[in-house]
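Work through the exercises below with the sequence and the model open. Each task is followed by a solution in steps.

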Amino acid sequence: MIRTVFRSDDLPPGERLARFEDFLDGTSHPMRVTTADPARFRATVRVLDLGPVSVVHLTCSPAVVWRTERLIRRADPELCSVLFPHRGALRVAQAHREAALTGRDFALCDSSRPFRVLVSGPGTPALIQARAPRALLPAPVRRTDHLLGRRLPGREGLGALLTQFLTDVTAAPAPYSGSDVSRLSSVALDLLATVLAHHADDDGAARDGAARTRDGAAQTQDGPRELLPRIEAFIAEHLADPELSPGTVAAAHHISVRYLHRLFQLRDTTVTELIRRLRLERARRDLADPRLRDLPVHRVAARWGFAEHSAFTRAFRTAYGVPPRDYRRRAGRVPADSSGGPPCLPVPPVPLGG
């Protein structure tokens with residue numbers, strides 16, 4: 001029978017995000033989470049154990065969940081999983097690719113590599129994930145790197161069989177007997193292996209298919225002037241991801257890192273500098289926002305992609321002349337503006353160098 005292992009509604013609103021972070025940190029493959037509205041965050045996690053296969057139904061406020069190299073070194077059960085939206089939409093990024101998922105389309109994730117999942121949509125989005133030890137899958141489908149971060153069809157064919165099965169087993173209200181669990185486990189594992197084998201055998205899925213120019217840039221109709229705004233919008237949307245880097249930005253736009261750096265010469269800055277400047281500005285606004293005064297400084301830093309609190313403190317002090325805690329205390333003595341937003345403090349521009 002499916003069981004609820006986390007329910008934020010049982011907790012005070014101010015503790016929900018922190019307790020959910022603790023829950024994710026205590027799983028067999030630890031993860032992190034950030035959300036744009038910590039004060040209103042809600043999440044419910046239900047799990048159906050089918051022997052070696054587990055099926056997870058997660059309902060949560062829009063958020064980003066990710067797993068880093070450091071977390072992988074700490075604990076890695078070597079799981080292979082598929083996930084798809086039950087309500088709302090998902091963006092799944094892994095292996096320098098990103099899949100936008102709606103409906104029953106699904107993506108493959110490997111617990112041994114960093115990944116990021118953006119949960120979004122109106123109301124309270126939900127996703128379904130099935131995971132199994134990689135060692136239990138047939139040898140031909142254990143190495144499916146070319147499928148990571150790709151959108152795989154789940155509304156027809158074999159994919160539809162898998163997503164419909166996972167949706168049905170998580171919705172069943174009655175408990176399963178021991179023999180039911182054993183049979184369902186075999187079905188889940190066979191379906192997962194069959195679907196992955198189908199896509200692994202597809203030579204077209206094994207290649208990104210983007211034709212590369214001599215310097216590694218994808219052949220596209222867009223010139224630098226058209227591409228740069230899209231790249232800058234992508235960076236602004238993914239600031240919370242601690243893995244955001246020139247490499248991930250270039251891969252998401254099918255260009256080489258070398259070409260990406262050449263593009264940013266038009267802006268008289270670098271990709272790394274832009275990421276750092278925007279992250280610091282978002283963190284500064286949060287620290288000045290009275291609605292977020294109970295959110296610890298280290299969580300503000302993590303919310304905008306700063307994996308190391310000490311590095312955030314140094315960068316913030318260099319940019320604004322004071323440590324983040326002092327900035328927050330000063331902001332608390334300045335009345336909010338008439339629009340109800342965070343107070344406006346005189347702030348020097350964030351330096352692009354150093």
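The exercises cover model confidence, helix packing and salt bridges in a predicted model.

**Exercise 1. Confidence**

Task: State the average pLDDT of the protein chain and find stretches where the pLDDT is below 50.

Solution.
- Step 1. The chain average is a pLDDT of 84, and 85% of the residues score at least 70.
- Step 2. Residues 203-221 have a pLDDT below 50; in the model this stretch makes 32 contacts beyond near neighbours in sequence.
- Step 3. The pLDDT is also below 50 over residues 334-354, a stretch with 42 contacts beyond near neighbours in sequence.

**Exercise 2. Helix α8 against helix α10**

Task: Describe how α8 and α10 pack, and classify the residues of their contact.

Solution.
- Step 1. Two packed helices are described by the angle between their axes and the distance between the axes.
- Step 2. For α8 (residues 271-288) and α10 (residues 309-320), the angle is about 90 degrees and the axes are 11 Å apart.
- Step 3. Angles of 65 to 115 degrees count as roughly perpendicular, so α8 is roughly perpendicular to α10.
- Step 4. On the α8 side the contact is made by Leu280, Glu281, Ala283, Arg284 and Leu287, and on the α10 side by Phe312, Ala315, Phe316, Ala319 and Tyr320.
- Step 5. By class, this contact of α8 with α10 has 8 nonpolar, no polar and 2 charged residues.

**Exercise 3. Helix α8 against helix α11**

Task: Repeat the analysis for α8 and α11.

Solution.
- Step 1. The axes of α8 and α11 (residues 324-332) come within 8 Å, crossing at roughly 45 degrees.
- Step 2. That angle makes α8 oblique to α11.
- Step 3. Arg284, Asp286, Leu287 and Ala288 of α8 make the contact with Pro324, Tyr327, Arg328 and Ala331 of α11.
- Step 4. The residues of the contact of α8 with α11 divide into 5 nonpolar, no polar and 3 charged.

**Exercise 4. Salt bridges and burial**

Task: How many salt bridges does the whole structure hold? For the pairs of aspartate 76 with arginine 67 and of aspartate 289 with arginine 291, give the N to O distance and the exposure of each partner.

Solution.
- Step 1. A search of the whole structure finds 23 salt bridges.
- Step 2. Aspartate 76 pairs with arginine 67, with the closest N and O atoms 3.6 Å apart.
- Step 3. Buried means under 20% relative accessible area. Arginine 67, at 0%, is therefore buried, while aspartate 76, at 28%, is partly exposed.
- Step 4. Aspartate 289 and arginine 291 form a salt bridge at 2.9 Å, N to O.
- Step 5. Aspartate 289 is buried at 9% relative accessible area, whereas arginine 291 is exposed at 59%.
- Step 6. Arginine 291 lies in the loop between α8 and α9 (297-303). The C-alpha atoms of arginine 291 and alanine 39 are 8.2 Å apart in space, although these residues are 252 apart in sequence.

**Exercise 5. A salt bridge within a network**

Task: Which parts of the chain does the pair of glutamate 237 and arginine 91 tie together, and which residues are linked in the network of salt bridges?

Solution.
- Step 1. Glutamate 237 forms a salt bridge with arginine 91, the closest N and O atoms being 3.8 Å apart.
- Step 2. Glutamate 237 is in helix α5 (residues 224-237) and arginine 91 in strand β7 (residues 89-94), so the pair ties together parts 146 residues apart in sequence.
- Step 3. Glutamate 237 is partly exposed at 46% relative accessible area, and arginine 91 is partly exposed at 33%.
- Step 4. The network of salt bridges links Arg91, Glu98, Arg116, Glu237 and Asp241.

Notes. Residues numbered from 1 in each chain as written. Predicted model: local features only at pLDDT ≥ 70, side-chain atom pairs only at ≥ 80, totals over all residues. Heavy atoms only, no water. Axes fitted to C-alpha atoms, helices over the stretch in contact; angles between N-to-C directions. Helix = DSSP H or I, 4+ residues; strand = E, 2+ residues; numbered from the N terminus. Parallel < 35°, antiparallel > 145°, perpendicular 65-115°, else oblique. Contact = heavy atoms within 4.5 Å. Nonpolar A, V, L, I, M, F, W, Y, C, P; charged D, E, K, R; others polar. pLDDT = per-residue confidence, 0-100. Salt bridge = Lys/Arg side-chain N within 4 Å of Asp/Glu carboxyl O. Buried < 20%, exposed > 50% of the residue type's maximum accessible area, 1.4 Å probe, protein only.
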